[in-house]
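Dear colleague,

I am passing on the structure we spoke about, and my notes on it follow below. Please read them with the model open beside you.

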Amino acid sequence: MGNFLLIPFIFFGLIILFASFFVVKQQTAAIVERFGRFQSIRNSGLQMKIPLVDRIAGRLSLKIQQLDVIVETKTLDDVFVKLKVSVQYVVIRSKVYEAFYKLEYPHDQITSYVFDVVRAEVPKMKLDDVFVKKDDIAIAVKSELQDAMLDYGYDIIKTLVTDIDPDAQVKAAMNRINASEREKIAAQFEGDAARILIVEKAKAEAESKRLQGQGIADQRREIARGLEESVEVLNKVGINSQEASALIVVTQHYDTLQAIGEETNTNLILLPNSPQAGSDMLNNMVASFTASNMIGEQMKTQNKKKGSDS
């Protein structure tokens, strides 16, 4: 009967024994109070406390933590913009007491300082400067938080401005401006390319004309040389230069008629082609050459008389 009475005491004793021990995780600090008063700070590992007298008032993480704060403010050029500021902070190991007892809501405290600094710095800048100088904003936030939170046992590791989000209409306008600038640059490049093509085409045409003219000159030079040789051959058989030139012209006339007749797609061309056309052409050309020679002789005679009279 007495053994049954001991069982509750043994059970109660085991509960008290197990309640005397507790475990603190790595990178965590536990705050132990005795009758509501701070007793000690326990670090990671197996710890012991007095049952029913000591209690764990709370635990603080010693890891680096991050708080994201979104602040809406206005820039110097009256553009509303939202900034996302990421604050990385950690509880100082030697100031766990201050972090636990001095500050009840650290997130709210940090948020208030971020709002204060951002709304003091951004209104001094234009929207474009906010994007360029976002690191300056982050440095200003860290400097203000570092001084304020150090007394509360918190160390500010780093602050980052991770996002800048202007109003939707402002972003649309900025995109239109950017697109217009790019279209302008593209048009300039296209104009330059077109101008280069025109210049090169003009150079090519000029070179083609020059070569064509040179070819025509060479062709005429060879024709003249051939005519000269033909006249010399005809002179050797007793035909004077005028008759030789007329004969050559008549021969070219009939060569032309032959070339036209060989072409199937030649347009209609009317040329004298009677049996007497060749002889008439030859007689007319000989008479023209004779008349021109006579006129030339008369002009020479007159010039000589004028020279002797003077």
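**The sheet with order 3-2-5**

Ala29 has Leu60, a residue of strand 5, as its bridge partner. Before going further, please keep in mind that this is a predicted model. The pair belongs to the contact between strand 2, which covers residues 28–34, and strand 5, where 7 bridges hold the two strands in the antiparallel sense. These strands are part of an open sheet of 3 strands, which has the order 3-2-5 and antiparallel pairing. Strand 3 (37–42) and strand 5 (54–61) each have a single partner strand, so that at both edges one side of the strand is left without a neighbour in the sheet. From one strand to the next, the twist averages 25°. As general background, the strands of a sheet pair through backbone hydrogen bonds, in either a parallel or an antiparallel way.

**Two loop residues with positive phi**

Most residues other than glycine have a negative phi, and two residues in the loops around strand 2 may therefore interest you as exceptions to that general rule. Gln27, which lies in the loop between strand 1 (21–24) and strand 2, has a phi near 60°, and with a relative accessible area of 26% this residue is partly exposed. Phe35 is placed in the loop between strand 2 and strand 3, and its phi, near 55°, is likewise positive in a residue other than glycine. How accessible is Phe35, buried or exposed? Phe35 has a relative accessible area of 67%, and because the cut-off for exposed is over 50%, Phe35 counts as exposed.

**The sheet with order 6-7-8 and the helices on it**

A further open sheet of 3 strands has the order 6-7-8, again with antiparallel pairing. Its edge strands are strand 6 and strand 8, each of which pairs on one side only, and neighbouring strands of this sheet are turned by 20° against each other on average, with direction ignored. Strand 6 and strand 7 run antiparallel and are joined by 10 bridges; Thr73, for instance, stands opposite Val81 in strand 7.

Helix 3 packs on this sheet, where it touches strand 6, strand 7 and strand 8, and its direction makes about 35° with that of strand 6. Helix 5, for its part, lies across strand 7 and strand 8 and runs at about 145° to strand 8.

Helix 3 itself comprises 16 residues, 106–121, and reaches 23 Å from its first C-alpha to its last, which is close to the 22 Å expected at 1.5 Å a residue. Which residues of helix 3 are buried? They are Pro106, Ile110, Val114, Val117 and Val118, and, seen down the axis of helix 3, these buried residues fall within an arc of 95°, so they line one face of the helix. An α-helix has 3.6 residues a turn, so residues three or four places apart point the same way. The buried residues of helix 3 pack against strand 6 (65–74), strand 7 (80–91), helix 5 (134–149) and strand 8 (154–166).

Two residues in these helices are worth a look by themselves. Thr111, found in helix 3, counts as partly exposed at 23% relative accessibility. Leaving aside residues up to four places away in sequence, Thr111 touches Leu67 and Val69, and its C-alpha lies 9.2 Å from that of Val71, although Thr111 and Val71 are 40 residues apart in sequence. Ile139, in helix 5, counts as exposed at 57% relative accessibility; Ile139 and Val161 are 22 residues apart in sequence and 9.6 Å apart in space, C-alpha to C-alpha.

**The largest nonpolar core**

The largest nonpolar core has 34 residues, of which Leu83, Ile110, Val114, Val118, Ile137, Val141 and Leu145 touch the most other members. At least two residues of this core come from each of strand 2, strand 6, strand 7, helix 2 (96–101), helix 3, helix 4 (127–132), helix 5 and strand 8. Which strand gives the most to this core? Strand 7 does, with 6 residues. Ile110, Val114 and Val118, listed above among the buried residues of helix 3, thus appear again among the core residues that touch the most other members.

With best regards

Note on methods: Residues numbered from 1 in each chain as written. Predicted model: local features only at pLDDT ≥ 70, side-chain atom pairs only at ≥ 80, totals over all residues. Heavy atoms only, no water. Pairing = 2+ DSSP bridges. Helix = DSSP H or I, 4+ residues; strand = E, 2+ residues; numbered from the N terminus. Axes fitted to C-alpha atoms, helices over the stretch in contact; angles between N-to-C directions. Buried < 20%, exposed > 50% of the residue type's maximum accessible area, 1.4 Å probe, protein only. Expected span 1.5 Å × (residues − 1). Arc of directions from axis to C-beta. Contact = heavy atoms within 4.5 Å. Core = buried A, V, L, I, M, F, W, Y, C linked by side-chain atoms within 4.5 Å.
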